[in-house]
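Please look through the sequence and the model below, and then follow the paragraphs one region at a time. Each paragraph takes up one part of the chain and says what can be found there.

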Amino acid sequence: MHPKLEELSRARDASDQVVLAALMRDEEILTRAGSRDRVQLLWDVCQVPDFRKVMPDHHAMLIGRIFTYLVDKDGRLPADWVAEQIERLNRIDGDIDTLTARLAHIRTWTYITHRVDWIDSAADWQARTRQIEDALSDALHHRLTDRFVDKRAAVLGRSKGAEGADLLSAVTKKGEVVVEGHVVGHIEGLSFAPHDAADRREAKALLAAAHRALGEDAPRRVKALEESPDQDFGMTPEGRITWRGRIIARPDKGDSLLSPRAVLLSHSLTDDNLAERARLRVQQFLDGFMGRRLKPLLAPDIDPSQMDAAARGLMYQLREGLGALTRKQAADTVEALSKPAQASLTKIGLRFGRDWIYLAGLMDIKTVRARAILWAAWTGRPVPDIPNSSAPSLPRDRVADAVWPMLGYAPLGPIALRLDRWEQLTAKLRHHPRKTPLLGDGQFCTQIGLPEKDPALAGVMRALGFKPAPLKEGTEEILSAPPAFIPASRGRNAKRKAAQVARPDAPKTKAPKARRPVEARPNPDSPFAVLKGLVSRK
């Protein structure tokens, strides 16, 4: 005898073997399995899987009928019997257990329909069984969802009242809020997002049920926020502050244009002290973000001993204009600058143009967006749309004309031209021979940030006081040639228009001087002149 070992146990009989054993006790089956081919067919039929996992004898009844029909009907199952067996499963009523049993049974028939040697029109029956299986799967999913919602509703019902039941609740490492084993929502940044809320009432109940877990987890979240490096924070193009990829705050109007205040957006921090701690950390990031982006303006690398009163006044004006102002606005201050002070300001990137005074270090597109965020926070308006790549010009209609200089641009026709490009362009025009047409070629268009032959080019040139050059007689316009422009007029109006482009803050027209009315002299031979003489004698 073999020793009894706990490590060894007899394997369970396979389902096909159990079914075969059950059928071998049936005399009618034994009679029909009288040849080698019939025995092989019986074994093939026994291998039809029992997805229902019912009693072996019950499954054996179905297998026995299939074998009997295949033997008696020349190897084919009767179409009417197959239809009856399949269609009676096409019902989606009943509870979860009933639907589960039907789903398992239809899967057995799906297997049978794939035996093309047993059944006629196998492809049609395969499509039918798949259709019924999908319908049963959907019905079962809805029943399971309803049961889950009912259980969750019961849990939420126990949480009503100030005291309520002592519900088990927690926040997982993934940020899921779990109450009594049910996931009722998840944490997004500092806010709670409830799951599967059918209406506002249910959303309120979910929040009430998760309140304890959120309260216990809040100190941990705030501490994680405080200890996060600045790399975990970010600023969206729309001016929203993110933490770990989730929006949590925004800049708002502060004490000054350059000092925005961080404001937390919707959050689940019910403790005011925790909320303020979180806000202070966000404020720290916001201050550092603006300090890095606007360093030439907020903390320039300049020797204070080289800054005289005029230099400090000029920097104050620049901060009020977010890094730019017209030459006319600072005319008196610039005139009062000492040479050492002006040299020190030039070293930090301050450019004294003919029309504009600006900081060259603030022309980067990221810095332009930071300036736009500051302006939006101060005025309470949306952040202007600023592209992600360097843009020498932008569409003029994105913001009001008065705002463009604060972003480092100046309006010019249909576009707003960056100030450094403005100074380059006006210098080029001043040195361009008047009798030589100005070509709007690719190089010129690149300078003002437009594609070659852009329709906006004509508007830009018109704003500069130019018009298309006329074609010579007997010539035809060549489409591939760049457009040429000449001064629109050589009279006094043209000079005034050129002055307005060069001095954008200058008044457009001068008010005409009032003329004294010319006193009309009376005719000495008229009756009125004689009457006047008589009156004067008296």
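A good place to begin is H105, which has its place in helix α6, the helix that spans residues 96–113. This is a predicted model, and in it H105 counts as buried because its relative accessibility is 6%, where buried means under 20%. If residues up to four places away in sequence are not counted, H105 touches R52, L62, R88 and L89.

Beyond helix α6 comes a loop, and S121 is found in this loop, between α6 and α7 (122–158). Although S121 is not a glycine, it has a positive phi of about 50 degrees. Is S121 buried, partly exposed or exposed? With a relative accessibility of 47%, S121 counts as partly exposed, since that class lies between the limits of 20% and 50%. A residue that can be described in a similar way is K453, whose place is in the loop between α16 (442–447) and α17 (456–463). The phi of K453 is near 60 degrees, which is a positive value in a residue other than glycine, and K453 is partly exposed, with a relative accessible area of 41%.

The aromatic rings come next. A pair of aromatic rings is described by two quantities, the distance of the centres and the angle of the planes. The count of aromatic pairs in this model comes to 6. One of the aromatic pairs is formed by F285 and F289, whose centres are 5.9 Å apart and whose planes make an angle of 40 degrees, so that the pair is classed as tilted. In helix α9 (residues 272–293), F285 and F289 are 4 residues apart, and therefore about one helical turn separates them. Both F285 and F289 are buried. Elsewhere, Y69, W81 and W109 form one aromatic cluster.

Rings can also be found with a charged group over them. R115 lies over the face of W118, at 4.1 Å from the ring centre, while the charged end of K253 sits over the ring of W378, 4.6 Å from its centre.

We can now turn to the strands. Strands of a sheet pair through backbone hydrogen bonds, and this pairing can be either parallel or antiparallel. In this model, an open sheet of 3 strands has the order β9-β11-β10, with antiparallel pairing. Its edge strands are β9 (324–326) and β10 (350–352), each of which pairs on one side only, and the twist averages 10 degrees from one strand to the next. Between β9 and strand β11 (residues 356–359) there are 3 bridges, in the antiparallel sense, and T326 stands opposite W356 in β11.

Further along the chain, strand β13 (residues 409–412) and strand β14 (residues 415–418) run antiparallel and are joined by 4 bridges. Where in β14 is the bridge partner of P411? The partner is A416. The hairpin of β13 and β14 has 2 residues between the strands, and in this hairpin G413 takes a positive phi near 60 degrees.

Finally, consider the cysteines. How many disulfides does the structure hold? The number is 0. Two cysteines can be looked at for their surroundings: C46 is buried, with a relative accessible area of 2%, and C445 also counts as buried, because its relative accessibility is 0%.

Key:
Residues numbered from 1 in each chain as written. Predicted model: local features only at pLDDT ≥ 70, side-chain atom pairs only at ≥ 80, totals over all residues. Heavy atoms only, no water. Pairing = 2+ DSSP bridges. Phe/Tyr/Trp six-rings, centres within 6.5 Å; stacked < 30°, edge-to-face > 60°. Buried < 20%, exposed > 50% of the residue type's maximum accessible area, 1.4 Å probe, protein only. Lys NZ or Arg CZ within 6 Å of the ring centre and 35° of its normal. Disulfide = S-S within 2.5 Å. Contact = heavy atoms within 4.5 Å. Axes fitted to C-alpha atoms, helices over the stretch in contact; angles between N-to-C directions.
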